[in-house]
Every structure is written in C-alpha cells, then in structure tokens.
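Colleague: Please go through this model with me, pocket and loop included, and keep the reasoning explicit.

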Amino acid sequence: MRGFIPPVDSEEIMFYKKAYSLCERAEKTGRKVFSAFLDLRHKELFISRFNKFGGLKLSFYAGYAGDFERCIACVHTEYDEPLDYDYPICVLHSYLYDGEKLTHRDFLGSLMGLMIKRDYIGDILVSDSECFIVCHTNMASIIKEELRTVKHSSTSFEEWYESVEYTRPIRQKKDVTVASLRLDAVLSAVLNASRNETSRMIKQGNVAVNHLTAKKSDFEMFDGDVISVRGKGKYKIFCSGGKSKKDRLFITYIKY
C-alpha cells in the first residue's frame with residue numbers, strides 16, 4: 001500500500017493550511033465545520049491534517065449513494081454527527097430531450113463558463129436521458145437560472161429531492177500483463193502504446209494518478225489506483241498479484 005504523499009506544490013500547501021484551519025475551528029467552537037468539494041487527492045490531504053487533532057471525528061458525503069469521486073468533509077465532535085441534510089449540498093436534475101450525446105466534459109465546461117469555481121461543483125452524473133449535477137447550495141440558484149444550454153442542447157435544471165444511486169458505467173474491462181507496476185509500463189498495456197509514448201505523456205503532464213499529476217515514469221502503481229489520461233479517459237487498476245509463465249504481472253483495468 002502506498003504511503004501518504006505530502007503536498008507537492010504551492011496549491012497543495014495552501015490547501016493543507018486551510019484544512020488545518022478548518023479542523024482548528026471545529027476544535028475551538030465544538031461546532032460542525034464543512035469543507036468545499038474535495039477530489040480524491042484533496043480528501044487524502046484533508047485526512048492527513050485531521051489526524052493531527054484528537055477528540056474530533058471526520059465524515060464525508062457526496063450528495064448521493066454510489067461510486068463517488070468528489071465529496072464534502074465535515075469535522076465534528078463525537079456527539080454532533082452530521083446528517084445528510086446538514087451538508088451544504090444541492091442535487092440538481094435535468095432531463096435531456098434533444099438527442100445530442102452529451103458528456104461529463106460538456107457539462108463541466110458549461111459550468112466553468114459560468115465562472116463557478118470547481119470547488120463548488122461535486123460529481124456530474126450523465127446518462128443518455130438525464131443529468132444530475134451535485135453542487136454547493138450557494139451555487140444552485142445560479143445554475144438553475146443560467147445553465148440553459150449545453151453544446152446545442154436545451155437543459156432545465158431543478159432541485160432533486162429524491163435519493164440518487166449511481167453506478168459509474170464501465171466502457172471496457174480487460175485483463176493484461178505488465179513487466180512491472182511502474183506507471184509507464186501499466187499505461188503502455190492499458191493504452192496499447194509504447195513505453196516511449198507513455199513516458200512522453202507523463203513528462204508533458206497529461207497523466208494523473210488519484211488526481212495527483214504524475215511527474216515520473218517509474219511512479220509505482222497500487223491496487224485500486226485510478227489513472228486519468230488527458231484526452232483518453234480514466235482507468236481503474238486492479239492488481240491480482242499473480243504472474244504469467246514469462247514472469248509478467250497480471251492486472252485488470254476498467255475504463256470509465
């Protein structure tokens with residue numbers, strides 16, 4: 001299992017300090033304190049800061065049940081655990097009628113076009129017929145009023161009060177063998193590309209592991225890691241530990 005990776009740049013250092021301040025405020029006031037939306041990497045950093053405090057508890061909620069990638073943290077006392085409705089989260093819903101194939105990227109791009117910070121947007125759940133946007137409650141009215149079209153399709157978002165369960169659709173699942181669990185080797189097998197190609201992608205900053213931009217080709221992969229490759233998709237890696245007759249490692253990957 002990979003150990004904790006400390007902050008790697010100025011943005012992460014700033015977030016690290018902010019997470020500490022939130023925990024400190026909860027400790028001093030004895031009241032629930034909520035973060036903005038966190039991705040997997042920022043969730044890991046937040047947990048690291050929280051672990052410096054005793055007598056507090058940490059909870060997470062994404063606004064729905066399922067395989068989430070973004071969530072809000074709540075730092076609280078043992079006797080003041082948050083309920084789902086305590087979190088500053090609103091789930092918005094729109095049916096998609098125009099027949100145009102819309103993606104997560106299309107909706108996110110439209111939201112960024114409204115000058116909404118990424119910290120205020122949770123997961124965006126898109127199917128052929130509908131879309132759910134999980135957002136901070138402060139942004140709900142703006143999205144409802146301003147997000148009327150995505151690409152060429154009309155949208156009409158309203159608050160969704162029923163529970164949402166979501167299973168991320170799997171576009172591909174495949175078993176492959178790799179020479180090692182180095183990032184460039186795993187990526188080579190997943191993308192059916194040469195090691196030179198995957199090393200170049202990594203060097204150009206186009207590859208992230210668990211939302212942390214990878215800087216070295218020899219970055220070691222572990223079971224459950226999620227690789228994001230700009231322009232090519234997102235892949236979750238499962239390491240069985242078995243070896244082939246040629247001493248290559250068996251892994252399974254799924255593409256979202």
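**Pocket, loop and cysteines**

Modeller: The largest pocket holds about 1500 Å³ of space. Among the 44 residues lining this pocket, those closest to its centre are H104, R105, S228, G233 and K234. The model is a predicted one.

Colleague: Which element supplies the largest share of the lining of the largest pocket?

Modeller: Several elements each give at least two residues to the lining, including α1 (10-29), α2 (40-50), α3 (104-113) and β16 (233-243). Strands β13 (207-209), β14 and β15 are also among those giving at least two. The largest share is five residues, and the element supplying it is β6.

Colleague: How many residues of the lining of the largest pocket are charged?

Modeller: The lining divides into three classes, of which 13 residues are nonpolar and 12 are polar. The number of charged residues is 19.

Colleague: Is E220 buried, partly exposed or exposed?

Modeller: E220 sits in the loop between β14 (212-213) and β15 (226-229). Residues up to four places away in sequence aside, E220 touches R2, L181 and D225. Its relative accessible area is 45%, which lies between the cut-offs of 20% and 50%, so E220 is partly exposed.

Colleague: How far apart in space are E220 and R2, C-alpha to C-alpha?

Modeller: E220 touches R2. In sequence the two are 218 residues apart. In space, C-alpha to C-alpha, the separation of E220 and R2 is 8.4 Å.

Colleague: Is D225 buried or exposed?

Modeller: D225 is also placed in the loop between β14 and β15. Neighbours within four places aside, D225 is in contact with R2, V209, N210, E220, Y235, K236 and I237. Its relative accessibility is 5%, and the cut-off is under 20%, so D225 counts as buried.

Colleague: Which backbone nitrogen does the side chain of D225 reach?

Modeller: The side chain of D225 makes one polar contact with the side chain of N210, at 3.0 Å. At 2.7 Å, the side chain of D225 reaches the backbone nitrogen of F222.

Colleague: How many disulfides does the count come to?

Modeller: A disulfide needs two cysteine sulfur atoms within 2.5 Å. For C23, the nearest cysteine sulfur is that of C74, 10 Å away, and C23 is in no disulfide. C135 is in none either, with the sulfur of C90 nearest at 4.9 Å. The count of disulfides comes to zero.

Colleague: What is the relative accessibility of C135?

Modeller: C23 has a relative accessible area of 0% and is buried. C135 counts as buried too, at a relative accessibility of 0%.

Key:
Residues numbered from 1 in each chain as written. Predicted model: local features only at pLDDT ≥ 70, side-chain atom pairs only at ≥ 80, totals over all residues. Heavy atoms only, no water. Helix = DSSP H or I, 4+ residues; strand = E, 2+ residues; numbered from the N terminus. Buried < 20%, exposed > 50% of the residue type's maximum accessible area, 1.4 Å probe, protein only. Contact = heavy atoms within 4.5 Å. Polar contact = N/O pair within 3.5 Å; in protein donor to acceptor, adjacent residues only side chain to side chain. 1 Å grid on protein atoms, 1.4 Å probe; cavity = no way out; pocket = protein on both sides within 12 Å on 5 of 7 lines; lining within 4 Å. Points joined across faces, edges and corners; volume = space filled by probe spheres on them. Nonpolar A, V, L, I, M, F, W, Y, C, P; charged D, E, K, R; others polar.
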